[in-house]
Amino acid sequence: MVKIGDVGVSEQRVVETAPVKNEENKSETKSTSTSVKKAKSRGHSLAIEDLQQNKKDSTDELDLFKNNIYIVFVECETAGNVGFLARTMANFGLKNLVLINPTTLTQEAYYQATHGKYIVENALIYSSLDEFYQSKKIDFKIATTGVAGGSYNLSRIPLKPEQLGETINVNSKIAILFGREGNGLTNKEIEDCDISVSIPTDPTYPVLNVSHAAAIIFYELFKNKHEYPVEDLVESTGVEKEYLINDMVDLINSLDIPDHKKKNGIKTFRNIINRAFITGREAHTLKGILRRLKNKMG
Ligand SMILES: C[S@@+](CC[C@H](N)C(=O)[O-])C[C@H]1O[C@@H](n2cnc3c(N)ncnc32)[C@H](O)[C@@H]1O
């Protein structure tokens with residue numbers, strides 16, 4: 001099992017130092033009196049270009065991370081928790097706070113936010129989740145829960161935060177939902193999400209304070225941000241995935257099996273597709289295959 005920090009940190013180091021650790025650079029570093037001409041040798045300038053490109057990619061990724069992730073607090077009950085959540089967001093560079101049907105935002109919210117006060121001031125308020133999803137054209141919805149279901153309830157098989165951090169692609173618009181302090185998210189709200197995330201805790205007391213849960217999840221997303229594939233590997237949009245799933249639904253419905261097995265099969269396919277963060281190209285390829293299968297079956 002991957003331990004928090006192990007793989008992510010060592011991979012991060014390899015990625016960051018690779019361009020300056022090539023042989024040409026090593027020899028140039030040794031000779032301190034190297035002429036300007038030599039410093040401008042092909043290998044050196046390539047390494048600098050690599051470094052500059054890496055820096056630019058990281059900046060682009062950070063911008064995507066900041067702009068495309070929406071933190072959604074559903075029907076928060078205490079203003080103070082809005083402030084704590086905003087502060088945690090600011091710690092990890094997040095800025096889009098969405099409040100669904102919130103309690104009154106008293107001074108406590110602004111006070112607890114400290115340097116994240118601007119996030120509370122700019123929070124977007126909606127009366128329902130659907131209204132928010134539509135208005136921001138959200139591609140991918142993530143539920144967070146301290147009450148992780150088992151395989152008997154397929155849509156609740158949760159990812160661990162580090163798994164989310166390793167696979168999430170910030171090229172698409174993402175909503176991360178946090179639930180009410182008292183009752184968390186409803187089954188329906190979780191069901192409507194593409195995946196759920198749960199922080200492993202002692203089973204005798206699995207539920208964290210919302211901003212503490214947020215800190216753990218944000219950290220896991222943030223530490224891997226420079227590893228997101230920005231070019232070529234563009235994650236499929238919500239619509240592309242829906243088309244693919246609809247093709248599978250047609251195929252499964254055409255089979256001669258009991259209804260409950262069809263329902264289970266559809267749900268399983270949907271869960272796998274959502275967990276896999278497939279690219280647009282992969283969605284397209286799979287769709288083509290399903291079409292051919294459908295045609296073959298008449
Ligand atoms: C205080 S908890 C809600 C408690 C509620 N009784 C429940 O059963 O969900 C508020 C929110 O914090 C987040 N949260 C708490 N513990 C978590 C955990 N172990 N993993 C992921 N999120 C968690 C979830 O968003 C949850 O809806």
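**Group meeting: a ligand shell and a seven-stranded sheet**

Hi everyone, let's begin at the ligand: its shell holds nine nonpolar, eight polar and one charged residues. Here Ala, Val, Leu, Ile, Met, Phe, Trp, Tyr, Cys and Pro count as nonpolar, Asp, Glu, Lys and Arg as charged, and the others, Gly among them, as polar. Of the 18 residues around the ligand, the nearest are G146, G179, G184, I199 and A213; being near a molecule takes a C-beta atom, placed from the backbone, within 6 Å of it.

A word on the model. It is predicted, so local features need pLDDT of at least 70 and side-chain atom pairs count only at pLDDT 80 or more, while totals for chains, interfaces and linings use all residues. Residues are numbered from 1 along each chain as its sequence is written. The protein chain has a mean pLDDT (the predictor's confidence in each residue, from 0 to 100) of 80, and 75% of its residues reach 70 or more.

Now the sheet. Seven strands (DSSP runs of E, at least two residues, numbered from the N terminus) form an open sheet with parallel pairing, in the order β3-β2-β1-β6-β4-β7-β5. β3 (124-126) and β5 (158-159) each have a single partner strand, so one side of each has no neighbour in the sheet. Pairing asks for at least two DSSP bridges between strands; β2 (residues 96-100) and β3 have three, in the parallel sense. L99 has I125 in β3 as its bridge partner.

Last stop, V207, in the loop between β7 and α11. Buried or exposed, where does V207 fall? In between: V207 is partly exposed, because 14 other C-beta atoms lie within 10 Å, where 20 or more would be buried and 12 or fewer exposed, with C-beta atoms placed from the backbone. Thanks, all!

How values were computed. Helix = DSSP H or I, 4+ residues; strand = E, 2+ residues; numbered from the N terminus.
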